[in-house]
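Let's take a friendly walk through this model together. Have the sequence and the 3D view open as you read.

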Number of protein chains: 2
Amino acid sequence: MDYEIFDLGDLVLQGGATIRNCQLAYKTFGTLNAAKDNVIVYPTWYSGQHDANEWLIGAGMALDPATQFIIIPNMIGNGLSSSPSNTPEPYNGPRFPNVTPYDNVRAQHRLITEKFGIERIRLVTGWSMGALQTFHWGALYPDMVERIAPFCGSAKCSRHNFVFLEGVKAALTADAGFAGGWYKSKPETGLRAMARVYAGWGFSQAFYRQELDLKTLGYSSLEDFLVAFWEGFFLPKDANNLLTMLWTWQHGDISANEMYHGDFHKALGAITAKAYVMPGATDLYFPVADSEIEVAHMPNAQLIPVPSVWGHFAGGPGTNPVDVAFIDGKLKELLAS
Amino acid sequence: MDYEIFDLGDLVLQGGATIRNCQLAYKTFGTLNAAKDNVIVYPTWYSGQHDANEWLIGAGMALDPATQFIIIPNMIGNGLSSSPSNTPEPYNGPRFPNVTPYDNVRAQHRLITEKFGIERIRLVTGWSMGALQTFHWGALYPDMVERIAPFCGSAKCSRHNFVFLEGVKAALTADAGFAGGWYKSKPETGLRAMARVYAGWGFSQAFYRQELDLKTLGYSSLEDFLVAFWEGFFLPKDANNLLTMLWTWQHGDISANEMYHGDFHKALGAITAKAYVMPGATDLYFPVADSEIEVAHMPNAQLIPVPSVWGHFAGGPGTNPVDVAFIDGKLKELLAS
């Protein structure tokens with residue numbers, strides 16, 4: 001295996017449940033320097049594992065292992081960290097507890113401090129749910145985090161975003177084979193339905209209008225794109241894991257904790273890190289307007305939309321090289337500041 | 001019953017099937033004048049029946065029965081005109097044939113001409129799939145149609161729109177109770193899943209951000225809106241009827257016929273009617289950009305976005321009085337020209 005495990009022991013969650021012997025899977029790139037001041041934290045996105053983050057790391061890039069020490073913590077529920085699919089009875093499968101982004105970032109903070117003794121973080125960055133965790137890092141540990149660069153994500157799941165996810169969940173669980181999460185074999189119909197619902201949200205109207213699925217990504221037809229890209233994306237994933245992360249997403253809110261007591265504007269105001277907030281210009285679930293509101297309440301933030309027709313995929317996972325170059329360039333600029 | 005039936009006889013469809021003894025349900029408002037020059041045709045929308053069009057008709061409105069003769073033809077598959085739910089064996093249920101918008105408008109043309117002897121139409125207008133049929137009227141009968149006002153719809157189902165509908169369809173049919181269309185009782189799980197998928201598409205991000213579901217529509221919570229409005233909307237409808245109309249929508253294209261042989265720009269160019277093309281400014285499935293392209297190829301068209309955060313529901317069905325007033329005002333302006 002190409003990653004490490006940090007044993008969190010018994011992780012007590014915001015919701016009251018305990019994940020016993022909770023495992024946090026992570027991967028690092030580069031070397032922590034003696035001053036411990038070259039740290040970048042880069043959380044994962046919905047259903048992605050650490051390898052699905054690697055497109056933004058490389059020689060000559062902002063996230064360059066030659067100079068930076070990059071830590072990718074896997075989100076709880078993603079199949080590598082503790083998840084429905086790998087947790088022993090009795091908290092296995094659909095009994096796996098609800099986990100908030102707060103729970104995730106608190107666990108990641110323990111990894112960073114207890115395992116590595118890190119006190120300062122140069123940058124936290126991430127795509128989508130990785131951006132959600134990035135905002136949490138900024139709000140929960142303002143004295144530790146120097147810079148954040150959340151892209152194609154939000155500090156709080158918007159009501160519209162919540163509804164979109166309700167549709168995704170309803171499609172998956174409409175399959176009788178899902179069996180309330182006690183499936184003996186993969187709920188294939190539900191996973192494929194979920195994929196088709198997702199397909200309209202993931203890329204923008206302009207992306208489809210310009211036929212970039214064919215002309216750039218090289219699929220042979222729209223149906224081929226739906227089957228090969230979208231169904232192919234979700235079919236290998238565990239349904240309960242997907243639902244655990246979906247719940248995490250829906251309940252994302254940097255202020256839903258004892259620090260901010262639901263005062264969202266106060267939590268945004270507490271993010272003193274220098275922030276580049278980078279929504280995708282055509283993202284259908286994290287529209288620029290939501291980022292504008294966030295930035296207006298953050299003391300040290302700039303709004304930098306990614307000028308792209310790739311919708312949510314402007315931010316990842318390395319799908320469009322032009323967008324990768326844009327984001328990488330902004331990260332370099334931010335790190336140099 | 002509050003509507004009439006026009007017997008189309010054996011309707012041979014574009015796809016080659018025949019709906020024998022095909023019934024076209026319609027309702028009229030007002031009186032056809034002696035000159036037969038006060039005719040407005042107002043087709044129905046996805047899953048709607050004629051009564052769901054009546055919000056745009058009334059004394060003092062553009063569509064005023066005191067002066068206009070308004071005909072609402074029910075779309076084939078909507079449960080009143082010939083549909084999976086009311087067609088006898090062997091073309092019943094999931095065996096009901098695929099029907100294009102072209103098939104629908106050709107049938108409506110027979111009603112208009114054979115039943116009423118009408119040669120000129122002052123205005124064709126409609127919301128959503130009603131707009132799709134409106135564009136077809138303009139392209140198929142340019143010498144007959146003086147004005148068209150399609151709102152929140154398109155002349156051709158865009159690829160993105162097609163994908164959104166794939167998600168809706170996948171959610172509905174993921175329910176094993178759907179049984180390939182041979183359900184003995186309502187596929188309730190699938191209908192509810194379909195409703196949840198639709199919910200994110202129907203209204204805009206801004207609508208949800210501003211909590212208009214609560215503050216204007218009066219629902220008691222977001223979940224109440226999803227259950228009472230959305231699930232309540234789809235549950236009474238027949239699943240096969242919904243899929244028939246969905247197929248019609250996905251295959252909407254004013255040029256997919258022997259007049260235009262797939263030349264979409266040519267078909268748009270043939271719409272000589274004075275046209276007000278009115279997309280919803282925040283409609284997620286019929287974005288303004290698609291209407292812009294259409295208008296650019298139409299010789300006598302104006303682009304008039306409906307300035308609204310109500311997404312697709314800016315266009316109907318009378319949900320937001322401000323939008324109704326806007327559309328009604330533009331129809332008056334168009335009729336006066």
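In what order do the eight strands of the open sheet in chain B lie? The order is β1-β2-β4-β3-β5-β6-β7-β8, and the pairing is mixed. Please keep in mind that this is a predicted model.

**The sheet and its helices**

At the edges of the sheet you will find β1 (4-12) and β8 (301-303) of chain B, each of which pairs on one side only. On average, neighbouring strands are turned by 20 degrees against each other, with direction ignored. Strands of a sheet pair through backbone hydrogen bonds, in either a parallel or an antiparallel way. For β1(B) and β2 (residues 18-29) of chain B, the sense is antiparallel, and seven bridges join the two. To find one of these links on screen, look for B:Val12, whose bridge partner in β2(B) is B:Thr18.

Two helices of chain B can be described by the strands they meet, as the table shows.

| Helix of chain B | Strands met | Direction |
|---|---|---|
| α10 (residues 288-296) | packs on the sheet, touching β7 (274-277) and β8 | about 160 degrees with β8(B) |
| α11 (residues 321-336) | lies across β5 (123-127), β6 (147-151) and β7 | about 165 degrees to β6(B) |

**Where the chains meet**

Now turn to the partner chain: 30 residues of chain B are in contact with 30 residues of chain A. On the side of chain B that touches chain A, at least two residues each come from α3 (159-173), α4 (188-202), α5 (205-209) and α7 (222-234) of chain B. The largest share, nine residues, is supplied by α3(B). By character, this side of chain B divides into 17 nonpolar, seven polar and six charged residues.

**How the copies are related**

Two copies of a chain are related by a rotation about an axis and a shift along it. Here, a turn of 180 degrees with a shift of 0.0 Å along the axis lays chain B on chain A with an RMSD of 0.0 Å. The copies are therefore related as by a two-fold rotation axis. If you would like a landmark, the C-alpha of B:Ala171 is the one in chain B nearest the axis, 2.3 Å from it. The copies meet through the same surface, because 100% of the interface residues of chain B are also interface residues in chain A.

**Confidence**

Chain A has an average pLDDT of 98, and 100% of the residues score at least 70. For the complex, the predictor gives an ipTM of 0.96 and a pTM of 0.97.

Note on methods: Residues numbered from 1 in each chain as written. Chains lettered and ligands numbered in written order. Predicted model: local features only at pLDDT ≥ 70, side-chain atom pairs only at ≥ 80, totals over all residues. Contact = placed C-beta atoms within 7 Å. Helix = DSSP H or I, 4+ residues; strand = E, 2+ residues; numbered from the N terminus. Nonpolar A, V, L, I, M, F, W, Y, C, P; charged D, E, K, R; others polar. Pairing = 2+ DSSP bridges. Axes fitted to C-alpha atoms, helices over the stretch in contact; angles between N-to-C directions. Least-squares fit on C-alpha atoms with pLDDT ≥ 70 in both. pLDDT = per-residue confidence, 0-100.
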